[in-house]
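Got your viewer open? Here is a short walk through a few selections, with a note on what to look for at each stop.

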Amino acid sequence: MRNVIIVGSGCAGNTAAVYAARANLKPLVVTGYEPGGQLSLTTLVENFPGFPEGINGPELVENIKKQAESFGAEYMNGTVIEADLSKRPFRLNVDGEWQETRTLIIASGASARWLGLPNEQKLIGHGVSSCATCDGFFYRGKKIMVIGGGDSAMEEASFLTRFGSEVTVVHRRDEFRASKIMLERARANPKIKWLTNTVVDDVLDVEKGVVTGVRLKNTKNGHTWEQEVDGFFVAIGHIPNTKVFEGQIELDPDGYIVSKGGARTSVTGVFHAGDVQDRVYRQAITAAGMGCMAAMEAERFLEAEDHQRNLPVPPVA
Ligand code: NAP
């Protein structure tokens, strides 16, 4: 049985592993199906403190992993497909192999939400993307489309104007969820065009194996048309990776873990770290900070439990 299992190997999970391993808890990290998390999908990270020249996302997350391993953390490639948090030790089914643990740190992150179009998944990596930072570079001088009306869409559209000849934001309503400042910044950018009250019917062209255009529909008058585009960026939010814990710990209506203060969840001995709980900051540094908090709380929890176990049984009166 493990002292600590950490689910997820992004910035949060790996940092929790550094702290837990250094506290001699010999944590096991279950990497998940996106090892390295969101950082492994980015290029230069310029705002992680300590790197004045910036550092590449994959290198940063790999460095944290190496640091955790140097203190004795173990890594297991795999995904948790089933969990039993109803009693301790907690039990996790990792690709068919059951693991038992005294404490659990959930750092499974959040994955990009897709539109669910018939051709969307078939063209991922061939013009369809959910990460402007990763793929924007490939669309130098090309026509780019960004879907969404939140801060992510504004941020991605503004960023993509560095590369594209034009960037069109497509949003299903005419009101924006994005914060005023980010919306205004995008609106002030002459390279950004706007299509509101518009939805995407599908992305083309699977037969050519690359994005060549989209079929759009105006939700007010039903008009449909095709538009040429080379890069199709979906920025409609993220889905927290908590499906496997549904019904076992408290989640909010969108599936994010509800924090009970610090890194605590509704289940004693289960802690959260990173984007799986944080829908506001979602930064590498805040995920790392939460990873540290979760590991420290797990350590204190185990220490208190061991201390209690060793106490002499009080004499019967
Ligand atoms: P979000 O705020 O939830 O916005 C998602 C957008 O996608 C909404 O405009 C939504 O439309 C649209 N959408 C969702 N499902 C759709 C669908 N099936 N078809 C078409 N459109 C769809 O998500 P986010 O922009 O990723 O932001 C998440 C959080 O991170 C927010 O708190 C945000 O402030 C924060 N964030 C901050 C920064 C920053 O400060 N630098 C950058 C990025 C994100 P409706 O509006 O019609 O629902």
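**Stop one: a three-stranded sheet**

This is a predicted model. Start by selecting β14, β15 and β16: these 3 strands make an open sheet in the order β14-β15-β16, with antiparallel pairing. β14 (198-204) and β16 (224-228) are the edge strands, each with a single partner, so one side of each has no neighbour in the sheet. From one strand to the next, the twist averages 30 degrees.

Now pick β15, residues 213-218: 5 bridges join it to β16, and the two run antiparallel. Show L216 as sticks and you'll find W225 of β16 standing opposite.

**Stop two: out from the edge strand**

Stay with β16 and select E228. Its salt-bridge partner is K143, with the closest N and O atoms 3.8 Å apart. That pair links distant parts of the chain: K143 sits in strand β11 (residues 143-147), E228 in β16, 85 residues apart. E228 is exposed at 59% relative accessible area, while K143 counts as partly exposed at 29%.

**Stop three: a salt-bridge network**

The structure has 17 salt bridges. Which residue forms a salt bridge with R102? Select E305: the closest N and O atoms of this pair are 2.9 Å apart. E305 belongs to helix α6 (residues 284-310) and R102 to strand β8 (residues 97-106), 203 residues apart. E305 is buried at 15% relative accessible area, and R102 is buried at 11%.

Next, add R309, which forms a salt bridge with E305 at 3.9 Å between the closest N and O atoms. Both lie in α6, 4 residues apart, about one turn of the helix. R309 is exposed, at 57%. To finish, select R88, R102, E305, D306 and R309 together: salt bridges with shared partners join them into one network.

Conventions:
Residues are numbered from 1 along each chain as its sequence is written. This is a predicted model: local features need pLDDT of at least 70, side-chain atom pairs count only at pLDDT 80 or more; totals for chains, interfaces and linings use all residues. Side-chain values use heavy atoms; hydrogens and water are left out. Two strands pair if DSSP finds at least two bridges between them. Axes are lines fitted to C-alpha atoms, for helices over the stretch in contact, and angles run from 0 to 180 degrees between N-to-C directions. A salt bridge is a side-chain nitrogen of Lys or Arg within 4 Å of a carboxyl oxygen of Asp or Glu. Buried means under 20% relative accessible area, exposed over 50%, partly exposed in between (1.4 Å probe, protein chains only).
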